[in-house]
Amino acid sequence: MKLSALSDLLAARGLRLLPGSHPVPVELLVQLPDATIARFTARGTTLRLRHYSPDALTSITIAPECGCGDHHPQTGPDRVTLSAFAQPLSEHVLDGELVFGWTGYEAGALRLPDALPHFFTLLPLLEPTRTLVSVA
């Protein structure tokens, strides 16, 4: 599965795949309908989904290769990423060692199509909870 196909799949669910996502090892940055950000990673034996506020995104400028400015502009393209100082609002983890008996780096070796069911399993946990409050 290519990221373009994943982008279409997510768009059909009202989600937006953000730049900075990559299929190997799986790391997805997804903008949710409420503009918050979900970051899904598969590393070692752990599948992790972190939830961030919309202001956790930042843009960094990539410097040109040579840096001299003679043949290239002084600044390169911008890249969207999570801020290094962003703190997750919540985190949900599938421990592959406990759940699947993984012992090494099985999560990191997952291909994108194999990791997606785990992403969709964890995604509903990010739904905002509603609390009813009685009014006097």
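Which residue meets the side chain of Arg-43 in a salt bridge? The points below take up this pair again after the sheet that holds it.

1. The model is a predicted one, and the sheet is a good place to begin reading it. Five strands form an open sheet in the order 1-2-3-4-7, and their pairing is antiparallel. Strand 1 (16-17) and strand 7 (90-95) stand at the edges with a single partner strand each, so one side of each has no neighbour in the sheet. As general background, the strands of a sheet pair through backbone hydrogen bonds, in either a parallel or an antiparallel way.

2. Within this sheet, strand 2 (residues 27-31) and strand 3 run antiparallel and are joined by five bridges. On these two strands, Leu-28 stands opposite Phe-40, which belongs to strand 3.

3. The answer to the opening question is Glu-27, whose side chain meets that of Arg-43 in a salt bridge of 2.9 Å, N to O. The pair links distant parts of the chain, since Arg-43 lies in strand 3 and Glu-27 in strand 2, 16 residues apart. Glu-27 is buried, with a relative accessible area of 12%, whereas Arg-43 is partly exposed at 33%.

4. The structure holds five salt bridges, and another one of them joins the side chains of Arg-50 and Glu-91 at 2.4 Å, N to O. This pair also links distant parts of the chain, with Arg-50 in strand 4 and Glu-91 in strand 7, 41 residues apart. Arg-50 is partly exposed, with a relative accessible area of 25%, and Glu-91 counts as partly exposed at 37%.

5. Arg-111 forms a salt bridge with Asp-114, and the closest N and O atoms of this pair are 3.9 Å apart. Arg-111 is exposed, with a relative accessible area of 54%, while Asp-114 counts as partly exposed at 41%. Elsewhere, salt bridges that share partners join Glu-27, Arg-39 and Arg-43 into one network.

6. The aromatic rings deserve a separate look, and a search of the whole structure finds three aromatic pairs. One of them is formed by Phe-40 and Phe-119, which meet edge-to-face at 5.5 Å centre to centre, with 65° between the planes. Phe-40 lies in strand 3 (residues 37-43) and Phe-119 in helix 3 (residues 112-122), so the pair ties together parts that are 79 residues apart in sequence. Phe-40 is buried, with a relative accessible area of 0%, and Phe-119 counts as buried at 0% relative accessibility.

7. Phe-119 and Phe-120 form an aromatic pair that is edge-to-face, at 5.2 Å centre to centre and with 65° between the planes. Ring pairs thus link Phe-40, Phe-119 and Phe-120 into a cluster. Arg-13 lies over the face of Phe-120, at 4.2 Å from the ring centre.

8. A last point concerns His-51, which is found in strand 4 (residues 46-52). His-51 counts as buried because its relative accessibility is 9%, which is under the 20% that marks a buried residue. A polar contact of 2.8 Å joins the side chains of His-51 and Thr-36. Leaving aside residues up to four places away in sequence, His-51 touches Leu-32, Thr-36, Ile-37, Pro-88, Leu-89, Ser-90 and Leu-126.

Notes. Residues are numbered from 1 along each chain as its sequence is written. This is a predicted model: local features need pLDDT of at least 70, side-chain atom pairs count only at pLDDT 80 or more; totals for chains, interfaces and linings use all residues. Side-chain values use heavy atoms; hydrogens and water are left out. Rings of Phe, Tyr and Trp (its six-membered ring) pair if their centres lie within 6.5 Å; planes under 30 degrees apart count as stacked, over 60 as edge-to-face and the rest as tilted. Helices (H or I, at least four residues) and strands (E, at least two) are DSSP runs, numbered from the N terminus. Buried means under 20% relative accessible area, exposed over 50%, partly exposed in between (1.4 Å probe, protein chains only). A charge sits over a ring if NZ of Lys or CZ of Arg is within 6 Å of the ring centre and within 35 degrees of the ring normal. Two strands pair if DSSP finds at least two bridges between them. A polar contact is a pair of N or O atoms within 3.5 Å; within protein, one must be able to donate a hydrogen and the other to accept it, and residues adjacent in sequence count only if both atoms are side-chain atoms. Contact means heavy atoms within 4.5 Å. A salt bridge is a side-chain nitrogen of Lys or Arg within 4 Å of a carboxyl oxygen of Asp or Glu.
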